[in-house]
Amino acid sequence: MLQISGLRVNYAKVQALHGVDIAVRKGEIAAIIGANGAGKTTTLNAVLRLVPWAAGEITFDGRSLKHLRSHQMIRVGLGTVLEGRQLFSDQSVEDNLLLGAYGLGRRSLAQVKENIERELKRFPILASRRRQLAGTLSGGEQQMLALARAMVADPKMLLLDEPTMGLAPVIIKEVVKTISDLRARGLTILWVEQMAYVALQIADRVYILENGRIVREGKGQELLNDSHVIEAYLGA
């Protein structure tokens, strides 16, 4: 569904990505793990056209993304949960969900409201806070809202950037369960994650990024037993 081929990204004179190749198949979770500064977020930002490419090609569902702009990604079917959640903190939970459908074009308001109710049912805690300002929610509730906002637009694929960042272990379990449930319903997911063990446990395919290069790839469960992965990312 998503094919990244030979992707290079530069920041001024610094090369951040060196010919990255990633393939995400329909209905799977593909994860990118790596240390801070490895190029994980840059890879997602390149897919979303938030940073320019120096070279390479990215296709989604058979369509090149090269000539699209960032705000058009929602129409081609890419949903996004950016690092730090990026909510509208001075708007209510319900208004944040409504804004998640912005850019869908001719989608009827009735359909959007139906989707919002579906997401509030998926996250009952948000339903009880639908009139509350997003900035007053806990970290876990904000992450749930960011996920729900992305899902309001019925994406074909979801891009997640560090969805477990800053969350308590019990909330991380809830977020990971939600990600697994979305995959079980047929959603394709590209997941950037620094907590390697969490991603390795449930991802169908994992790419390890170091200094802007893919150095390992394979099934998550297989890489849990890889000596390099254990030493570098699992603290053993």
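Helix 6 of this predicted model comprises 13 residues, and its first and last C-alpha atoms lie 19 Å apart, close to the 18 Å expected at 1.5 Å a residue. The expected span of a helix is taken as 1.5 Å times one less than its number of residues, and helices (H or I, at least four residues) and strands (E, at least two) are DSSP runs numbered from the N terminus. Residues are numbered from 1 along each chain as its sequence is written, and side-chain values use heavy atoms, with hydrogens and water left out. Because the model is predicted, local features need pLDDT of at least 70 and side-chain atom pairs count only at pLDDT 80 or more, whereas totals for chains, interfaces and linings use all residues.

Helix 6 is mostly covered, with 12 of its 13 residues buried; buried denotes under 20% relative accessible area, exposed over 50%, and partly exposed in between (1.4 Å probe, protein chains only). The buried set consists of Gly140, Glu141, Gln142, Gln143, Met144, Leu145, Ala146, Leu147, Ala148, Arg149, Ala150 and Met151. The cover over these residues includes strand 6 (78-81), helix 3 (93-99), helix 4 (109-122), helix 5 (124-127), strand 7 (157-161) and helix 7 (169-184).

In soluble globular proteins, nonpolar side chains tend to be buried together. A nonpolar core is defined here as a set of buried Ala, Val, Leu, Ile, Met, Phe, Trp, Tyr and Cys residues joined through side-chain atoms within 4.5 Å. The largest such core contains 49 residues, and Leu126, Leu158, Ile189 and Trp191 have the most contacts inside it. Helix 6 (residues 139-151) gives the most to this core, with seven residues. Apart from this core lies another, of 31 residues, among them Leu7, Ala30, Leu78 and Leu159. With neighbours within four places in sequence left aside, Leu158 is in contact (heavy atoms within 4.5 Å) with Gly79, Thr80, Leu147, Ala150, Met151, Leu182, Leu187, Thr188, Ile189 and Leu190.

Helix 7 agrees with its expected length: its 16 residues should span 22 Å at 1.5 Å a residue, and its end C-alpha atoms are 22 Å apart. Its buried residues include Ile172, Val175, Val176, Thr178, Ile179, Ser180 and Leu182. Among the elements covering the buried residues of helix 7 are strand 3 (29-33), helix 4, helix 6, strand 7, strand 8 (188-193) and helix 8 (196-202). Gly186, which follows helix 7, has a positive phi, near 100 degrees.

Helix 1 (residues 40-47) is largely enclosed by the rest of the structure, because seven of its eight residues are buried. These are Lys40, Thr42, Thr43, Leu44, Asn45, Ala46 and Val47. Just after helix 1, Arg49 adopts a positive phi of about 65 degrees. Lys40 and Leu44 are also among the contacts of Val192, as are Ile32, Leu160, Asp161, Glu162 and Pro163, when neighbours within four places in sequence are left aside. Val192 is placed in strand 8 and counts as buried, at 0% relative accessibility. The C-alpha atoms of Val192 and Leu160 are 6.0 Å apart, although the two residues are separated by 32 residues in sequence.

Gly84 is located in the loop between strand 6 and helix 3. With a relative accessible area of 53%, Gly84 is exposed. Its C-alpha atom is separated by 8.2 Å from that of Pro163, which is 79 residues away along the chain.

Pockets were identified on a 1 Å grid over the protein atoms alone, a pocket being an open set of points where a 1.4 Å probe fits, with protein on both sides within 12 Å along at least five of seven lines, and lining residues having an atom within 4 Å of a point. Grid points are joined across faces, edges and corners, and a volume is the space filled by probe spheres set on the points. The largest pocket encloses about 640 Å³. Its lining comprises 23 residues, of which Ser70, His71, Ile74, Thr80 and Tyr102 lie nearest its centre. Helix 2 (73-76), strand 6 and helix 6 are the elements that give two or more residues to this lining, and strand 6 gives the most, with four residues. By class, the lining has 12 nonpolar, eight polar and three charged residues, where Ala, Val, Leu, Ile, Met, Phe, Trp, Tyr, Cys and Pro count as nonpolar, Asp, Glu, Lys and Arg as charged, and the others, Gly among them, as polar.

The second largest pocket has a volume of about 210 Å³. Helix 7 supplies the largest share of its lining, six residues.
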